[in-house]
Amino acid sequence: MSKLSDQDIEKKLLQFPDWDYYDNAIHGEFEFENFKDCFSAMSRIAFECEALNHHPDWSNTYNILTISLSTHDANGVTNKDFKLAQAIEDIVEPDEE
Ligand code: H2B
């Protein structure tokens with residue numbers, strides 16, 4: 001999987017308003033009602049990561065989930081990261097089309 005250009009990444013990000021690109025990765029931060037809802041979303045995301053064999057750099061503080069996606073093998077952002085970002089969006093923003 002080859003690394004996408006900065007221009008390709010910025011173009012794709014138009015479809016991902018919750019995400020920003022810097023430091024060779026795409027980053028999103030999500031707020032939940034409480035820790036339980038946050039950790040529940042993290043568990044669901046973890047199953048998607050295993051299914052896609054692609055894994056986030058992430059951290060959690062109480063009800064906040066902070067996620068960075070990059071493809072370590074490619075030293076940058078690839079389509080795998082956008083596929084995982086979409087799966088994450090589907091979990092954390094289920095009401096949005
Ligand atoms: N996740 C991410 N984010 N980047 C990778 O390069 C990566 C991964 N590599 N998950 C995968 C697993 C690789 O280690 C296995 C062997 O396919």
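Student: How many residues does H2 have, and how far does H2 reach from its first C-alpha to its last?

Tutor: The general idea is to set the end-to-end reach of a helix beside the span expected from its length. Keep in mind that this is a predicted model. H2 has 18 residues and reaches 25 Å from its first C-alpha to its last. That is close to the 26 Å expected at 1.5 Å a residue.

Student: What about H3, then: what should its 14 residues span?

Tutor: At 1.5 Å a residue they should span 20 Å, and the end C-alpha atoms of H3 are 20 Å apart, so the two agree.

Student: Back to H2. Which residues of H2 are buried?

Tutor: Start with the general idea. An α-helix has 3.6 residues a turn, so residues three or four places apart point the same way. Now the case here: the buried residues in H2 are Cys-38, Ala-41, Met-42, Ile-45 and Cys-49. They cover an arc of only 105° around the axis, which means they sit on the same side of H2.

Student: And which residues are exposed on the other side of H2?

Tutor: Lys-36, Phe-47, Glu-50 and Ala-51 are exposed there.

Student: What covers the buried residues of H2?

Tutor: The cover includes two strands, E3 (57-61) and E4 (64-69), along with helix H3 (79-92).

Student: Let's turn H3 around in the same way. Which of its residues are buried, and what covers them?

Tutor: Buried in H3 are Asp-81, Phe-82, Leu-84, Ala-85, Ala-87, Ile-88, Glu-89, Ile-91 and Val-92. Their cover includes helix H1 (6-13), the strands E1, E2 and E4, and helix H2.

Student: Can we take one residue from that list? Why does Ile-88 count as buried?

Tutor: The cut-off for buried is under 20% relative accessible area. Ile-88 counts as buried because its relative accessibility is 1%. As for its surroundings, leave out residues up to four places away in sequence, and Ile-88 touches Trp-19, Phe-30, Ile-45, Ile-67 and Leu-69. You've met Ile-45 already, among the buried residues of H2. For a distance across the fold, the C-alpha atoms of Ile-88 and Ile-26 are separated by 13 Å, with their places 62 residues apart along the chain.

Student: Phe-82 is in H3 too. What is Phe-82 in contact with?

Tutor: Setting aside neighbours within four places in sequence, Phe-82 is in contact with Leu-4, Ile-9, Lys-12, Leu-13, Phe-16, Ile-26 and Val-77. At 6% relative accessibility, Phe-82 counts as buried. Look at Ile-26 in particular: Phe-82 and Ile-26 are 56 residues apart in sequence and 8.7 Å apart in space, C-alpha to C-alpha.

Student: Where is Ile-64, and what does it contact?

Tutor: Ile-64 is in strand E4. Beyond its neighbours within four places in sequence, Ile-64 is in contact with Glu-29, Phe-30, Glu-31, Cys-38 and Ser-59. The C-alpha atoms of Ile-64 and Phe-30 are separated by 5.7 Å, although the two residues are 34 apart along the chain. At 22% relative accessibility, Ile-64 counts as partly exposed.

Student: How about a loop residue? Where is His-55, and which residues does it touch?

Tutor: His-55 sits in the loop between H2 and E3. Not counting residues up to four places away in sequence, His-55 touches Cys-49, Glu-50, His-72 and Leu-84. His-55 counts as partly exposed, at 36% relative accessibility.

Student: Now the backbone. Which phi value does Asp-23 have?

Tutor: With phi, check the sign and then the residue type. Asp-23 has a positive phi of about 50° although it is not a glycine. Asp-23 lies in the loop between strand E1 (19-22) and strand E2 (25-31), and at 68% relative accessibility it counts as exposed.

Student: And what is phi for Asn-75?

Tutor: Phi of Asn-75 is near 60°, again positive in a residue other than glycine. Asn-75 is found in the loop between E4 and H3, and it counts as exposed at 59% relative accessibility.

Student: Last one, the surface. Which residues make the nonpolar patch?

Tutor: For a patch, ask which side chains build it and what area they cover. Here Phe-35, Phe-39 and Tyr-62 make a nonpolar surface patch of about 330 Å². Phe-39 lies in helix H2 (residues 35-52), and at 44% relative accessibility Phe-39 counts as partly exposed.

How values were computed. Residues are numbered from 1 along each chain as its sequence is written. This is a predicted model: local features need pLDDT of at least 70, side-chain atom pairs count only at pLDDT 80 or more; totals for chains, interfaces and linings use all residues. Side-chain values use heavy atoms; hydrogens and water are left out. Patches are made of residues with over 30% relative accessible area and no salt bridge: like charges are joined within 9 Å, nonpolar side chains (Val, Leu, Ile, Met, Phe, Trp, Tyr) within 5 Å. Accessible areas come from the Shrake-Rupley method with a 1.4 Å probe; for residues, only the protein chains shown count as cover. A salt bridge is a side-chain nitrogen of Lys or Arg within 4 Å of a carboxyl oxygen of Asp or Glu. Helices (H or I, at least four residues) and strands (E, at least two) are DSSP runs, numbered from the N terminus. Buried means under 20% relative accessible area, exposed over 50%, partly exposed in between (1.4 Å probe, protein chains only). The expected span of a helix is 1.5 Å times one less than its number of residues. The arc is that of the directions from the helix axis to the C-beta atoms. Contact means heavy atoms within 4.5 Å.
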